[in-house]
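Hello,

Here is the structure I promised to pass on. Please have a look at it first; my notes follow below.

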Amino acid sequence: MLLKRNFKQQSIKGVQIGNGSVAFQGIQLNVHCFVVDGVLIDTGAKSLEKQFVPFFKQQKITKVVITHFHEDHTGCAAFLQKDLQLPIYMNNKMLDYCKKKPDYPMYRKLFWGKRSPFHAEAIEETFLSSHATWDVIETPGHAIDHLAFLNRETGQLFTGDLYCQEKTKVILREESIPTIIESLKRILTYDFEDVFCCHAGYLENGRAALQRKLNFLLDLQEKVIRLYDDGMTPAQMKNTLFPKKYPITLLSSGEWDSIHIINSIIQK
Ligand SMILES: [Zn+2]
């Protein structure tokens with residue numbers, strides 16, 4: 001199989017960052033995980049396990065916390081649990097799903113591999129590391145169990161897939177833009193400085209970046225509602241607002257599509 005793999009690691013503001021990427025037929029995807037104060041945030045993808053494992057072994061990890069159940073965040077959880085004997089915590093909403101062999105489309109298995117079952121524990125509203133108390137912040141929209149983690153000591157915020165990019169063009173079928181908007185508003189009520197995103201990595205001026213994303217989505221929501229009131233169909237709105245075709249839409253047979261942005265707004 002012609003999957004190209006790459007791995008980089010670096011340290012920014014005391015956070016150890018592992019970044020794996022996979023490329024296939026011109027589509028490149030990447031995923032980050034982070035270690036700070038003994039806490040590993042997310043576990044990378046199974047397809048990158050060989051790349052992530054040496055990174056994990058270099059770190060002094062005492063616990064693993066997971067932002068959401070998607071396979072690019074939970075792919076090495078089984079290894080961390082079985083081989084490194086680490087406790088894993090995540091939102092209780094998808095605990096049972098993660099105990100079983102996952103069911104997701106072929107193209108995702110190709111990019112991210114087949115995530116093995118693991119047994120996580122339900123995370124509480126806060127948790128402790130050696131030097132800090134952390135807030136666990138519910139931030140659904142991208143996934144129903146999505147969480148962000150804030151280190152109160154350092155003001156460092158780990159946002160999983162809440163951000164990804166400022167100008168959202170395609171989303172997964174089950175994502176909800178109105179719910180993401182509420183989550184962005186909620187996160188912006190917290191006191192934080194540095195932001196670490198599982199796909200974009202370290203965000204300079206993270207608060208401003210999250211605010212810009214919120215503004216972009218609010219503006220988009222308003223446009224969709226206006227066009228809907230004018231009688232436009234979702235397909236017509238897609239052609240007006242998102243005229244470009246994205247390779248991931250074809251590759252995923254429409255699981256990722258701009259139309260889901262529109263549908264999630266007009267259904268609300
Ligand atoms: Zn995700």
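**Strands and the largest pocket**

Start at Gly20, which stands opposite Val31 in strand 3. Bear in mind that this is a predicted model.

Gly20 lies within strand 2, residues 15-24. Strand 2 and strand 3 (residues 27-36) pair in the antiparallel sense, with 9 bridges. Their hairpin leaves 2 residues between the strands, and Gln25 has a positive phi near 45° there.

Strand 2 also pairs with strand 1 (residues 4-12). That pairing is antiparallel too, over 9 bridges. Ile12 faces Val15 of strand 2 as its opposite residue. These two strands make a hairpin with 2 residues between them, and Lys13 in the turn takes a positive phi of about 50°.

How enclosed is strand 2? Largely: 8 of its 10 residues are buried, so the rest of the structure encloses most of it. Buried here means under 20% relative accessible area.

Now the pocket. The largest one has a volume of about 790 Å³. It is lined by 30 residues, and those closest to its centre are Leu29, Cys164, Gln165, His199 and Trp256.

Which elements supply at least two residues each to that lining? They are strand 3, helix 2 (71-74), helix 5 (106-112), strand 12 (171-172) and helix 7 (206-229). Helix 5 gives the largest share, 4 residues.

By class, the lining of the largest pocket holds 16 nonpolar, 7 polar and 7 charged residues.

Best wishes

Technical notes: Residues are numbered from 1 along each chain as its sequence is written. This is a predicted model: local features need pLDDT of at least 70, side-chain atom pairs count only at pLDDT 80 or more; totals for chains, interfaces and linings use all residues. Side-chain values use heavy atoms; hydrogens and water are left out. Buried means under 20% relative accessible area, exposed over 50%, partly exposed in between (1.4 Å probe, protein chains only). Two strands pair if DSSP finds at least two bridges between them. On a 1 Å grid over the protein atoms alone, a cavity is a set of points where a 1.4 Å probe fits but cannot get out, and a pocket is an open set with protein on both sides within 12 Å along at least five of seven lines; lining residues have an atom within 4 Å of a point. Grid points are joined across faces, edges and corners, and a volume is the space filled by probe spheres set on the points. Ala, Val, Leu, Ile, Met, Phe, Trp, Tyr, Cys and Pro count as nonpolar, Asp, Glu, Lys and Arg as charged, and the others, Gly among them, as polar.
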